[in-house]
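Work through the following exercises with the model open. Each task is followed by a solution in steps.

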Amino acid sequence: MTGEWPPVLAACCLGAAAAGASLGQVSTPVTVRSPSGQVVLTVRAGQAGPPRPDRLTWQITLSGHPVILPSALGIIVDGRDLGEGALVVGSEPYEIDERYPWRGVHSEAVNRARGARIQATHPGTTITYTIDARVADDSVAVRYVVPGKGPRVPDAGMTFQIPEGSIVWSHGLRDHYEAVYERRRIEDVPEGDWAAPPVTIELPGGAGYAAIMEADLRDYAGMALQADGRRGYRERLGHDHPTGYPYTLRFGEENAARLAVAAPVEDTITTPWRVVVLGRDLDTLVNADAVHNLCPPPDPTLFPEGIRTPWLKPGRAVWRYLDGGDGTVAGIKEFSRLAGELGFEYQVIEGQWQRWTEEELGEVVEYSRARGVRLLVWRHRNTLGDPVKRRALFASLQKAGVAGLKVDFLDHEAKEVIDLYQDILRDAAEHQLLIDFHGANKPAGEPRTWPNEMTREGIYGLEHRRMEAWAGFNTTFPFVRMLAGHADYTPVVFGERRRETSWAHQIASAAILTSPLLVYGGHPASLLSNPGAEMIKSIPSVWDETRVLPPSEIGELALFARRSGDRWFVAAMNGPTGRTLKLDLSFLPPGAYRALVVRDDLERADAIEVETRDIATRIPLEVPVRPAGGFVIRFTRVATTR
């Protein structure tokens, strides 16, 4: 049954597009500029030209260069495209300027933006709705708010037209969000090709970079993109996505068919934000706060100190599943002992814990706690669907002293699955439990609202044995998937799973990956016995500052400088081509430093060279790296005497 549409608004507060005017058609374009003026969003109504005449369109420029060409703007509700023939009847400007604690890429998020709440009507109906547009120096975001009563069915109505000559990195949906990226010219992306956000774009002519994704995903289906074969992507919601292999494997075709039916939304429809992160360089993309800035802050009753609430402790974890180990109670206790030797804060335990008695679980919890290690335990999402049983389980785990859960096999972006993410996070927060989602979609800023979400998979990680060569992927994901937020890639393996990558490349991956719960894939004994153990022990899971250094290039080289307290780490994951990197150390504050260097053995991928040396910041540092190699350098300030 269709809900009731509200009457046209009697008045609205008009902005720069029609200041002081009464309600009625407003001349467009409506233009919103970022605080620096370099990023410009333009919304037009009744444009007689591409993508279609007489509809709302939007476009984005960066320093005068096109990022999104004129593209369809709008939302479909109960089969009606509210962007077609729409009229703009008002625009209310606003500004945001705030800072708040964050974790991951840096320790403080900056949210400075200019926005406009654009009122639009759909001719022939009584529908008036809001296009909320927000423009920052590193992003543009748009969402829709459609008032109404009762259940109505929303669907996708936006497109993203990409400039000719752009390069795009994307992967499809067969494996949900666990697939390998493909680099293509936008002209070569065929009609019907699916892309799981983020999709990263290198703009032509050195104009910069952009990435398409979403933020504040709740009470709605998730977004993917589908190519139109004409340098554009269409927004598509979860019910239209091709069902991934993981979902049909675990839940069957009948369930997949059920989720292919669009779900209604009760009363007012507030969509997630459609976000384009952009910048002249890769450093701007990696440091963008856009996705979490667009999400509500945490509930102070659940998180009285926000992301710094004491029980929300980031840290490193060991994990038995990937690199072997004894799964008995004794074997899991041994992993906790080794985690304690590493100085790691957590252990993630797979499903074997469900066969333990209550006494055995308590024994492992207490043994681990005595060594400074807390536990997260695996659970199938099917066991968490019943709210009463879910809360009872969470209460029992809290009582047992378990730190949190690894929830697996979500595998879909239909609205009911997105609702389950939110329900799990809410109930877990009430029981002070941390969450690691696996078999998951991309993050959309959830840790801003639910800081008990410490990480999620949504990435093709080292648990996949079928990968033949990792270097190209590892030098791509920091500039594509990581732009959406944290990822549980389970890095650092010294055995055969690393394929062609070197030991130094593997250690560097822990310093480049962003994951406040940093779960290592390698057996803890292999980490402790590696010549780079001192470096491994010192790499934190959250950072105060991050800089992407030249000559980083997507698919070729990821070179990051990251600060934790007064120590800096420089880490490189190299692609398929060997090189010698000349590091400009001018980012370091002036002074003398002692550098711990872990670098490639140029003769063997399964060996490293480790040395300690004194460094003067005025002298560039040259480091050779092998194909698929890398390095990590830790800089510690040393006192000087006069």
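**Exercise 1. Charge and surface**

Task: in this predicted model, find how far apart the mean positions of the positive and negative charges are, and state what share of the accessible surface belongs to carbon and sulfur atoms.

Solution. The chain carries 71 positive and 82 negative charges. Their mean positions are 3 Å apart. The accessible surface comes to about 23,700 Å², and carbon and sulfur atoms hold 49% of that area.

**Exercise 2. Overall fold**

Task: decide whether the radius of gyration of the chain agrees or disagrees with that of a compact globule, then describe the extent and the contacts of the chain.

Solution. Start with the expected value: for 642 residues, a compact globule would have a radius of gyration near 26 Å. The chain has 25 Å, so the two agree. Next, take the extent: the C-alpha trace spans about 75 × 60 × 50 Å along its principal axes. Then count the secondary structure, which consists of twelve helices and 38 strands. Turn to burial: 61% of the 642 residues are buried. Last, look at contacts with a separation of 6 or more: 70% of them join residues 24 or more positions apart.

**Exercise 3. Confidence**

Task: state which strand has the lowest confidence and which the highest, and which stretch has a pLDDT below 50.

Solution. Begin with the whole chain, where the mean pLDDT is 94 and 94% of the residues reach 70 or more. Confidence is lowest in strand E6 (residues 80–81), with a mean of 94, and highest in strand E28 (residues 434–437), with 99. Outside this picture, residues 1–23 have a pLDDT below 50. The model gives this stretch 51 contacts beyond near neighbours in sequence. Where pLDDT is low, predicted coordinates should not be read in detail.

**Exercise 4. The surroundings of Trp273**

Task: locate Trp273, classify it as buried or exposed, and list its contacts beyond four places in sequence.

Solution. Trp273 is in strand E23, which covers residues 273–279. Its relative accessibility is 0%, and therefore it counts as buried; the cut-off for this class is under 20%. Setting aside neighbours within four places, Trp273 contacts Tyr94, Asp132, Arg134, Ala141, Val142, Arg143, Met213, Glu214, Ala215, Asp216 and Leu294. As a check on distance, take Asp188, which is 85 residues from Trp273 along the chain. The C-alpha atoms of Trp273 and Asp188 are separated by 28 Å.

**Exercise 5. Backbone details in loops**

Task: identify where the cis peptide bonds at Pro198 and Pro551 lie, and compare the burial classes of Asp219 and Phe409.

Solution. Take the cis bonds first. The bond from Pro197 to Pro198 is cis, with omega near 0 degrees, and Pro198 sits in the loop between strand E16 (194–195) and strand E17 (199–202). The bond from Pro550 to Pro551 is also cis, with omega near 5 degrees. Pro551 belongs to the loop between strand E31 (545–548) and strand E32 (557–564).

Now take the positive phi angles. Asp219, not a glycine, has a phi of about 55 degrees and lies in the loop between strand E18 (209–215) and strand E19 (223–227). At 38% relative accessibility, Asp219 counts as partly exposed. Phe409, not a glycine either, has a phi of about 70 degrees. Its loop connects strand E27 (404–408) and helix H7 (415–430). Phe409 has 17% relative accessibility, so it counts as buried.

Notes:
Residues numbered from 1 in each chain as written. Predicted model: local features only at pLDDT ≥ 70, side-chain atom pairs only at ≥ 80, totals over all residues. Heavy atoms only, no water. Helix = DSSP H or I, 4+ residues; strand = E, 2+ residues; numbered from the N terminus. Rg over C-alpha atoms; globule rule 2.2 N^0.38 Å. Buried < 20%, exposed > 50% of the residue type's maximum accessible area, 1.4 Å probe, protein only. Contact = heavy atoms within 4.5 Å. Areas by Shrake-Rupley, 256 points an atom, 1.4 Å probe, with all protein chains shown as cover. Lys, Arg positive; Asp, Glu negative; His and termini not counted. Charge placed at Lys NZ, Arg CZ, Asp CG, Glu CD. pLDDT = per-residue confidence, 0-100.
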